[in-house]
Amino acid sequence: MGNVTNADVIVIGGGLHGSSTAMNLAKAGTQVLLLEKNYVGRHASGVNAGGVRTLSRHMAEVPLSLASQQIWSNIQDYVDDDCGFEICGQMRVAENESDEKILKDRMALMQSNGYTHEEWVEAADVHKMIPSIVPTIQGGLIARHDGAADPYRTTLAFRRKAQQYGADIREGVTVNQVTKRNHSWSIDTDAGQFQSRVLVNCAGAWADKIAAQFGESVPLTAVGPMMLVTTRMPHFLNTVVLGTSRALSFKQRANGTVLIGGGHLAWVDRNRDITELDFHALADSAQTVCEVFPHMRHAVISRGWAGIEASMPDGIPVIGPSGVEDNLFHAFGFSLHGFQLGPVVGEIMKDLILSGKTDLPIKPFHISRFS
Amino acid sequence: MSKVAHYDVAIVGAGPAGMAAAISLKTFGINVVVLDENVSAGGQIYRGVTTSPLSSKPQILGDDYWSGKKLVKEFLESSVERIAGATVWAVSQHTSESEQSSFEIGYSVNAQAHIMHAKHVLLATGAHERPFPIPGWTLPGVMTAGAAQTLLKSTAMVPSGRLVLAGSGPLLYLIAWQYLNAGVKIEAFLDTTPKGRIPQLLPYAFDFMRSPYFLKGLKLVREVKAHVNVITPISDMVANGQEKLESVTFKSASKQQSIEADHLLLHQGVIPNINLAQAIGVTLDWNDLLKCWVPMSDPLGNTNVERIHMAGDAAGIAGAWAAESRGQLVATEIAYQLGKLSLDQRDSSVTAYRKVYARATRGREFFDRLFQPAKAFRRPTGNTVVCRCEEITAQQVRETVKIGCTGPNQMKSYLRCGMGPCQGRFCAVTVTELIADERGVSESEVGHYRLRFPTKPLTLGELATLPQTDASINAVVRLKKPV
């Protein structure tokens, strides 16, 4: 048997949540080692739409999302990089009366829970804000302090900061097996043996494979939300625009390119790290965009892609301690809503590991809900 | 709802490999279609051979060019279905809606998107010119020699004003010779082929001297040298100008020189056009002699992706004559896989085509070694633009490696290089070489950009009008959003 590398905490997975967890632990003086099978930010964390969104969150996620937004508003000081973050607002638009009812019901629900960050925008104001949007839009629900950031740059900033605080980050290391021996975790990888007191599972679309080794089976689906980007266009849009009953996520970046997403899914083979774009579904996406922004008909698509993400059947992630093992923690299953939560999840994991508790309500995210 | 056309074999590209393969497949009774991005068949090498305005003055372009007429005519007169002006932007397998196990091909003609299904796909996508990143290569007035030759072949257009040719390789001499035939004055020919390679090439010289390239090449070079100021060796070449090209400066025999010029044609060889193959998932291999990526295929054109085949220069640069026999060879293999030929029939055809192929490629090793582009013109430094679409310089790429970027895909995320509309055609090899240079590792270790569909740009409107089938309407998956 070869050398064994020891650490107090080992984090599996170098996405944003893993990097943020490692950064927070290292900052608190914990000896932490992160294992990433490809390179940091290879999948969901590096290639997502970069939406920094509190809008339309699952009710259970709202407190976490608002706490994370506090960190985002200070992101430059937090990780010594502005992460390309800009506050531009995110808005779900109502294409018809039924959409309008959905959005107004949502706002009423939020207000009855004491949340005020989602506001109704009248049709006339929507058209003033976004002159190029189709005239039939009936209004929208906006979160004015939402925005967007550069996902790869953000993930790298957390990684860099983690390293500055002393975290050891190993890329190209695939975990084969995890076993518990004498109150410590023994992690068998293609690059040798690692050992730690605490283990954190941030393995994203592969996290169920880790959890299954402790009998914590979870109904995780590996999905690949597809994105398209156009060539540069004259500036026409500040706000991130989302659909209500139709899948649409639409944003013009500072460099003029337009990012189109919305949740249409690619074909995914997570064992080979590959995705294949589904052009039939993308055609549907293109139709929606052309209907909401008629001038986009002439926009030139220069690329399409999909990162592999973990989706849970109830639409919310797994965050918290293991249901069966001590010193084991999970944070995964964030598909389409994880990027904004990255900063706060790192803090939550650090608190759970170092003090056994967090101030934020994480009970709904416990892994045992699937058992 | 529309009915989707279904074929046994779809060939992408109507150059020598694609045309020869199509003709063969048709004779085996196979339902074949050729998707050709160009309006007229012939590929780049025989571009416009049946429509060229120069057909009344055949001596300008030379016999080798016109010899392509035979194949193009045979192709056009065969009953092979050809879709002209068709840009293929996607080939999908797992999301294909075909009932049989077939690929789905997305392509556009006249800004209208279409879908077809095919059991086998033969990629005969040819080659494109290697990028030639020198300071000022993005100035108006600077273009690739191959693009200039295309204009000559298809429209009889020649550059006006002071013309300088620079680079290395047989094609550059051929173009110089064709311009001389057309009465175009060439101010200077800057031959960037490094000096002193010949002595090491003696082991390959015998094959070269027996090859079809030898006598023709010798004659060409002699004629060009007799009429044009050929300067060699060349280093530190710069295209200068404010709004457009004004002069070319360079060092030769340790002397700094300058030539005033309106046009500079650059060329340092061709490399396989790999984007479609790579996006489909064909494994790439770094060819260290030709300094380029090559989609891996076996001698019969099979790739690691079942029923995706490669032929011609797209499968490794070997020239037009070889491409024709490779097309026929791969057609034989596909016919065998489709059950139209027995194993014996296939093997005997293969033996025959291999002989032709061996003859066609004899001697290539000699000039592949002789004309391997000089390192300084492959691995630029300083402010030389590497990625033209996003205007990223060599220095930016090199510095990004220094701060921890290890590969081309991370480089995309850092600098956006290779993410413009050319999808890396102009920068992929350069970026790989620069990262290899800075890291002190091999190009294979660095790897290539991961390419994605659409491999050619299309408009959102085109995509939106993609014919919908019932299956596709039902298959659209949406994630539920919370209310």
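1. How many bridges join strand E10 of chain B to E11(B), and do these strands run parallel or antiparallel? In this predicted model, strand E10 (residues 188-191) of chain B is joined to E11(B) by two bridges, and the strands run parallel. One pairing can be located by residue: B:Phe189 has B:Val230 of E11(B) standing opposite.

2. The wider setting of this pair is an open sheet in chain B. Five strands make up the sheet, in the order E8-E15-E9-E10-E11, with parallel pairing. The edges are held by strand E8 (142-144) and strand E11 (230-231) of chain B; each has a single partner strand, so one side of each is left without a neighbour in the sheet.

3. Chain A offers an antiparallel case. Three of its strands form an open sheet in the order E3-E8-E4, and the pairing is antiparallel. Strand E3 (51-52) and strand E4 (86-87) of chain A are the edge strands, each pairing on one side only. Between E3(A) and strand E8 (residues 147-148) of chain A there are two bridges, in the antiparallel sense. Within this pairing, A:Gly51 has A:Ala148 in E8(A) as its bridge partner.

4. On the nonpolar interior, the largest core holds 222 residues, and the members that touch the most others are A:Ile10, B:Ala10 and B:Ala21. Helix H9 (residues 320-337) of chain B supplies the largest share of this core, with nine residues. Another core, of 35 residues, lies apart from it; B:Ala176, B:Val228, B:Phe250 and B:Ala261 are among its members.

5. The surroundings of B:Ala10 merit a separate remark. When neighbours within four places in sequence are left aside, B:Ala10 is in contact with B:Val33, B:Leu35, B:Ile105, B:Met116, B:Ala118 and B:Val121.

6. As to domains, the assignment for chain A gives domain 1 as 4-50 + 152-217 + 314-370 and domain 2 as 90-144 + 221-311. The C-alpha centres of domain 1 and domain 2 of chain A are 30 Å apart. Their contact takes 16 residues from domain 1 of chain A and 17 residues from domain 2 of chain A.

7. The side of domain 1 of chain A that touches domain 2 of chain A can be described further. Its largest share, three residues, comes from helix H2 (residues 44-47) of chain A. By residue class, this side of domain 1 of chain A divides into nine nonpolar, seven polar and no charged residues.

Terms used. Residues numbered from 1 in each chain as written. Chains lettered and ligands numbered in written order. Predicted model: local features only at pLDDT ≥ 70, side-chain atom pairs only at ≥ 80, totals over all residues. Pairing = 2+ DSSP bridges. Helix = DSSP H or I, 4+ residues; strand = E, 2+ residues; numbered from the N terminus. Core = buried A, V, L, I, M, F, W, Y, C linked by C-beta atoms within 7 Å. Buried ≥ 20, exposed ≤ 12 C-beta atoms within 10 Å, placed from the backbone. Contact = placed C-beta atoms within 7 Å. Domains from an automatic or database assignment. Nonpolar A, V, L, I, M, F, W, Y, C, P; charged D, E, K, R; others polar.
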